[in-house]
Amino acid sequence: MEQEKIECFDGNSCAAHVAYALSDNSVIFPITPSSVMGELIDEWAAAGRKNIFDQVVSVTEMQSEAGAAGAVHGSLAAGALTSTYTASQGLLLMVPNMYKIAGEKLPAVFHVTARAVAGQALSIFGDHSDVMATRQTGFALLNSATVQEVMDLALVSHLAAIKVGMPFVHFFDGFRTSHEVQKVKSIPYSVMKTMVDYDAIKKFHAGCLNPEHPQMRGTSQSPDIFFALVESSNKVYQAIPDAVQAAMDQVAAYTKRPIHLFDYVGHPEATHVIVCMGAAAATCEDVANHLNAQGSKVGVLKVRLYRPWDAKAFLATLPKTATHICVLDRTKEPGSFGEPLYLDVAATIQETGESRVIIGGRFGLGSKDLTGAMAKAVFDNLASAQPKRHFTVGINDDITFTSLPLAGPLDSVPKGTVQCLIWGLGSDGTVGANKEAIKLIGSHTEQYCQGYFEYDAKKSGGLTRSHLRFGTKPINATYLVDHADYVACHHPGYVGHYHLLRDAREGSVFVLNSPWNTIELMEQNLTGDVKRDLANKKIKLYNVDAWKIAAEAKVGKFINMIMQTAFFKLSGVLPFEEAIKLLKDSVVKMYSRKGDEIVQKNINAIDLSLNAVTEIPVPAEWANAAPPKGFTIEGAPQFVNEVMLPCSHYEGAELPISTLLRNCEGGIMPTGTAAFEKRGLAVTVPKWNAEKCVQCTLCSVVCPHAVIRPFLVTPEEQKAAPQESFVCVPAKGKEFEGLHYRMQVSPLDCTGCGVCAQTCPVKALDMTPLEEERYNHKNWEYAITLPIRDDKIETTVEKPNLKASQFKQPLLEFSGACGGCGETPYIKLITQLFGDRMIVANATGCSSIWGGSAPWCPYTVNKDGHGPAWGNSLFEDNAEYGYGMFLATTQRRKRVLDIANKVVQEASTPQDVKDATQEWIINADNAQKSKMTGNALKKVLAAHQEEKGLLGELWDARDLFTKKSQWIFGGDGWAYDIGYGGLDHVLACNDDVNIFVLDTEVYSNTGGQRSKATPRGAQAKFAASGKKTSKKNLGLLAMTYGYIYVAQVAIGANQMQCLRAIQEAEAFPGPSLIVAYAPCLNHGIKGGLVNMVEEEKQAVKFGYWHLFRYNPLLAKDGKNPFSLDSPKPSGDLKDFLYREVRYDALTRQFQDEAERLHTLLAQDKQKDYERYEGFAKNGF
Ligand SMILES: Cc1ncc(C[n+]2csc(CCOP(=O)(O)OP(=O)(O)O)c2C)c(N)n1
Ligand code: SF4
Ligand code: SF4
Ligand code: SF4
């Protein structure tokens, strides 16, 4: 039989490998962290890989998981072995069909990366809450605790599903197992082929829907037979455990890795046993071994088959000697007596009549680690005279006192294991390079290896931490590296910001990327914490000036190959020369899709780095360096100091519940906090040349992060500035007479994307090293205290004025979006226009992540404390969520109007109040006037605020005087796919809501999977061989209603048209829909997102994106409601397409198909334009 192959795989790759082999059909929809499985299956199908039935798997993306589950159900009913991949909210959307699939006894397999379910907040991280919400559906639930087990038990689940004809959820911990890279043995397809029960497949086919032997399914039943038919499945469930064990034995006979429904490890006569499921079991095992070596008698019982629960097998596995049992659950059921696994175990023991101590506790929600120290705390608690019940471990619960105390760190990894911790900057290439390093080491040495990667919520430019372990013994530790032998920091800005060497062990190595190549520079720049750790822990210090080398090699900000070269030089895990050769080979493999030039530049970067590591001796006196001050900002809100700053400095995990409760109960957080972060991470920032500037404010319009803003300054204010460098020039324009103009940059908030400088028509902005511009921070701090002079010129629906919009305060600033993101400039502009009175429902997607990642909030407030009120419900229900907000506001304002009318009619109402109220009533539906008259009303009412009765009631409702502006934001994945049903319905309701679609033409937030907005011929994830069908025309669909305002815009191409559309849409008294073109990192724009604005211009020029507005109000006046705002396209569309990797890469991989699809795409676009021309000429 063919041998197993050694591979460096993560859990998702293992599951996909098996699922591909054993599926006829795969139905997919992206969700973190399971998307990778669908992506791999799609790529393999595109490449023509065959499953064990000698067929290419059919892969279908649906519009949602609810759709996917329906398609899985139908596919099974018609006789195809079908699998799907999901997690969290996605799994919950599948629940209704899961009941049906189980009820009809169909052999589906769902591979699930177990993830937290959104409640008080969304979390993309792992726990078992989602899987536990399916335990009642009738699916078998089988758990893998390690990456290797994912390979083995994925196979077991498919084999058993076929054998017993029942559906399985095969689950493993999200991120911890799905994304952990390990050296595993991969089972060949030729072997799997020999294991399948083909008779069972025949039986399955014979029982499926087919008119040659018809049947009826899914009937409606009366009380006579329903209950009995439900109970009729008992025998099947009784048979499942044996079938699973038989499949486990069958697989183990080949792999020699025995596995059971329950596995016990530890002392054979253990008295104290932990029962648990998932990745944490491995850590508990390491700790049990450690304790047993010191004379304890402890063990761990690992649960593999959770449903159906086999009490007999459980009891047979549990040592008879176990008098004390602690069940660990990675989920929380608020309000229940205990968590599900605990209740199962407790009931099992109770039915034996034996007396044993059984306690339960919770750990690891949202991927909180279970470290060695925590596992030990669990054993300690169990051994104590009065063990704490229903405890938590890993948090500090100082309110209900559930948490277990920790006795200090414990390194449970086997001796000789090398542990590395690398601090990187999101999208600097560090994580990708570390994954590659693991593969190189794993495939070229005998060593075991493990890689795990942590990210923060920023879309790019956030913190990444790579945790790597290598050793001669298997690596079980399923927690972050906390005893590092090698620490690297890839950004000098992290020095003093994070406690970089907290987890470094004595005698370790520290490598820093910085320009500080000498002891003198280190002395000046290293902070006290780093110096103390270096000296006290006897750490060796090395420096690499990676940015300098990156500039020489022309690889931009990508320092990954340089730091990788340093890693191989210092870590000694591979002979250096051999490592460099392998690294270069991997560069060719990794980057050839992007073109030869990129490959060559990265090879140059490696060559230039060979001798670039400098050792800096650590002076002994650094042990006495001044300790760092705490992280607080004087005068900042309590939330910022108590929650946001600790999180920003990677200390959030230590926050006690009381602090969180005091500051953000229910997950509700204050806005306006991103301004306190001041990351200072840009390499270069714009320097303003006042002489050259023509004061067009374009740079401010396009800046994705609201970092560059125009200010109008009086001569006195200029004089009072803190620095002479606060240079101003006379403001151009009659309206601004006597005022000076200054374009002010906030250097510490800038991402260095360069979009502003690229866009400036007169090149009045130069990208300059941050260090040279740092002084401008003081100027920024001063500028934002000056009055906002946005009343000098107005922008109105009748007369939109772009410059006027830019003197208004952006109420979205410093978000976590990628540098150069095409989404944020739109939302920023909307907040400038309506932010003080807007309510936002935001679909899950990039915009909910850059706009709503706790604890930072980029939505902010004006001087009155007014700003956007923002909420996110789910990915699928955003239009409905926003509509609900609209209904509430409308109903509540109606009530205020009722009260106001009564106030006017009431004889005892003072005349001034009567007049002001009457004035407000007349204007209540006019945004500006309701605000003005509402403010006047507040003034007169203030004197009556304490009164009971009508006046008091009216005063209490004063926050509703200003007409609100209801916005519904989301991406194309939401609007075109999963949320389309709701969006269509809400538009059709004909109420005054504004829907804004950020069209990146892919699911950007989950890594760029195709949506129905993806154009034909674009390569995206889930469309590895290019999207075959044309883009859905959302605007056109909406226009067919005739009463919806519709526009298509591209802010980079035509700012005025965009501004006009936004103002018209908001003023339109019914529903509006704006579809906005948003260039995104996932497009692979050549030269990068610095070209975001230019890309939009070119898209319109070449006729790739069309600008139009459709305003039903014009039809009412007998005018043509449709205006085409795009010029006639010019040039060959393909010249536009090849500016972007998503199109260009297809030509490299599938040349003929690319030619065919791109020709069709050009026809699609031409047809669209002709259609719009027709509307413009003849009306819609
Ligand atoms: C029910 C459900 N399925 C999947 C997801 C995972 N998910 C979150 S955002 C997203 C894609 C968002 O794409 P889009 O709407 O185009 O917005 P963008 O990120 O491009 O701005 C997906 C698939 C989810 N949150 N909920
Ligand atoms: S470089 Fe980017 S973030 Fe910085 S000011 Fe310019 S556009 Fe804004
Ligand atoms: S884009 Fe250039 S010219 Fe226009 S305001 Fe900005 S710096 Fe001045
Ligand atoms: S939309 Fe694209 S560019 Fe913008 S934050 Fe998301 S991934 Fe980044």
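# Exercises on a predicted model

Asp585 forms a salt bridge with Lys581, and their closest N and O atoms are 3.2 Å apart. The model is predicted, so to speak of local features a pLDDT of at least 70 is needed, side-chain atom pairs count only at pLDDT 80 or more, and totals for chains, interfaces and linings use all residues. Residues are numbered from 1 along each chain as its sequence is written, chains are lettered from A and ligands numbered from 1 in the order in which they are written, and side-chain values use heavy atoms, with hydrogens and water left out.

## Exercise 1: a charged pair

Find where Asp585 and Lys581 lie, and state how many salt bridges the rule counts.

Solution. Begin with the rule, by which a salt bridge is a side-chain nitrogen of Lys or Arg within 4 Å of a carboxyl oxygen of Asp or Glu. Next, place the two residues: both belong to helix α20 (residues 576–591), where they are four residues apart, about one turn of the helix; helices here are DSSP runs of H or I with at least four residues, strands are runs of E with at least two, and both are numbered from the N terminus. Finally, the count under this rule comes to 54 salt bridges.

## Exercise 2: two strands and a crossover

Determine how β2 and β3 run, and give the hand of the crossover from β2 to β3.

Solution. Strands pair if DSSP finds at least two bridges between them. Strand β2 (residues 25–28) and strand β3 (residues 58–61) are joined by four bridges and run parallel; the chain crosses from β2 through helix α2 (residues 35–46) to β3, in a β-α-β crossover that is right-handed, meaning that, with the strands pointing away from the viewer, the path from the first strand over the helix to the second runs clockwise. As one bridge, Asn25 has Ser58 of β3 as its partner. In the loop between β2 and α2 lies Pro33, and the peptide bond from Thr32 to Pro33 is cis, with omega near 0°.

## Exercise 3: an open sheet

Work out the strand order of the open sheet of three strands, and name its edge strands.

Solution. The order is β24-β26-β25, and the pairing is antiparallel. The edge strands, each pairing on one side only, are β24 (708–713) and β25 (729–730). Between β25 and strand β26 (residues 740–745) there are two bridges, and Val729 has Tyr741 as its bridge partner in β26.

## Exercise 4: the second largest pocket

Describe the space in the second largest pocket and the residues that line it.

Solution. On a 1 Å grid over the protein atoms alone, a pocket is an open set of points where a 1.4 Å probe fits, with protein on both sides within 12 Å along at least five of seven lines, and lining residues have an atom within 4 Å of a point. The second largest pocket holds about 980 Å³ of space, a volume being the space filled by probe spheres set on the points, which are joined across faces, edges and corners. Its lining has 37 residues, and Thr146, Gln148, Tyr448, Pro474 and Asn476 are the closest to its centre. Helix α11 gives the most to this lining, with five residues.
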